[in-house]
Amino acid sequence: VASTVSCWLPGEKSSPASAASRQEIPTTCEMCVNKCSIIAVVENGRIRKLNPNPENPRSRGMVCARGNAGLQQVYDPARLKKPLIRAGARGEGKWKPVTWDEAFDYGAQKLNAVKEKFGPQGTLWSSTESFNEVFFKNLGMAIGSPNVVRHPTLCLASVNLAYSMTFGTVPSFDLYNAKYVILAGANRLESFITPDTMDLIESIQERKARLICLDPRFTVTAAKSDEWYPIRPNTDLAFVLAMLNVIIGENRHDKLFVDTYTVGFDKLAEHVKPFTPEWAEQETEISAKDIVRIAREFADAGRRGLFYAGR
């Protein structure tokens, strides 16, 4: 769980250090998408421990277990420290160390050969989720390849585009004060311990927020929820459409907000008419009765500004 506890590098013994050899360097954790702020305690050029940085309003002085484990990523004994080129057949596990110049030349030759034979579109550039994403993207674009995929490609790109087209910005969420929460496929209480998750835990434990979990698996989050529905995979949208059908059909939406801040609501209302709770029951394997009740509860909480639905 997230905490203010910091962690010494495993296998390292602490030793007194002079003020000149000890530094506290503000930096950023790269162990997940949250990018919490941390302070690296460096002694004689080596990171000794990671502390939370209380100055960041996002992470709020927290470092989770995964964040503390980032120290091991830096000093993992299996970490590659120099380039290797395969010396045998694929799968044999035979490699030879080379210089950086040799590695760069080798990579450039291979890429140019692919580009000459298949064109720049013959290459696919894929990066992990981290600050190095931009380098993969820039190199792929420099070669001329349209095949550049990153973490946002599968996650943030579509979500943020929808938010921007709907709200004009990417909104923030107040899980700390939420009273009704619907999580679709998000195992927040086990796999993604961020400050947002800590706010969620605080809400459901101390403020008695109602938590609805839609997930085919019985996860830790499902076990801690007020209601768990093993929804059929890939039918989350059917559940949402049926909720809209009920909320709009029963006039439970905020009419003042709709009239003031939205366009095209009449088209949405017409669009969701066929997606009844009975239809969604066949799609999701969640009873129409439960869908109707959840939609009504959700709408009532929404009118008080105390709801959250998302991943």
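Is Asp215 buried or exposed? I will start there, and the answer is that Asp215 counts as buried, at 3% relative accessibility, where buried means under 20% relative accessible area, exposed means over 50%, and partly exposed lies in between, computed with a 1.4 Å probe and protein chains only. Before going on, I should say that this is a predicted model, in which local features need pLDDT of at least 70 and side-chain atom pairs count only at pLDDT 80 or more, while totals for chains, interfaces and linings use all residues. Residues are numbered from 1 along each chain as its sequence is written, and side-chain values use heavy atoms, with hydrogens and water left out.

Let me stay with Asp215 and its partner. Asp215 forms a salt bridge with Arg217, with the closest N and O atoms 3.9 Å apart; a salt bridge here is a side-chain nitrogen of Lys or Arg within 4 Å of a carboxyl oxygen of Asp or Glu. Arg217, at 52% relative accessibility, counts as exposed.

The structure holds 14 salt bridges, and two others deserve a careful look. Glu133 pairs with Arg150, the closest N and O atoms being 3.0 Å apart. Because Glu133 lies in helix H3 (residues 133–143) and Arg150 in the loop between strand S8 (148–149) and helix H4 (151–154), this pair ties together parts that are 17 residues apart in sequence; helices (H or I, at least four residues) and strands (E, at least two) are DSSP runs, numbered from the N terminus. Glu133 is buried, with a relative accessible area of 8%, whereas Arg150 counts as partly exposed at 24%.

The other pair is Arg210 and Glu227, whose side chains meet in a salt bridge at 2.8 Å, N to O. This pair links distant parts of the chain, with Arg210 in strand S10 (residues 210–214) and Glu227 in strand S11 (residues 227–229), 17 residues apart. Arg210 is partly exposed, with a relative accessible area of 30%, and Glu227 counts as buried at 11%. Both belong to a network of salt bridges that links Arg210, Glu227, Asp290, Arg293 and Glu297.

Now to the interior. The largest nonpolar core, meaning a set of buried Ala, Val, Leu, Ile, Met, Phe, Trp, Tyr and Cys residues joined through side-chain atoms within 4.5 Å, has 21 residues, and those with the most contacts inside it include Tyr180, Ile212, Phe239 and Ile294. Strand S9 (180–184), S10, helix H9 (236–249) and helix H13 (288–303) each supply at least two residues of this core, and the largest share, seven residues, comes from H13. Leaving aside residues up to four places away in sequence, Phe239 touches Leu214, Ile231, Thr284, Ile286, Ile291 and Ile294, where contact means heavy atoms within 4.5 Å.

Thr284 leads us to helix H12 (residues 277–284), whose buried residues are Pro277, Ala280 and Thr284. Seen down the axis of H12, these buried residues fall within an arc of 55 degrees, so they line one face of the helix; the arc is that of the directions from the helix axis to the C-beta atoms. Just after H12, Glu285 takes a positive phi of about 70 degrees.

Finally, consider Leu80, which lies in the loop between helix H1 (65–75) and strand S5 (84–86). Leu80 is exposed, with a relative accessible area of 63%.
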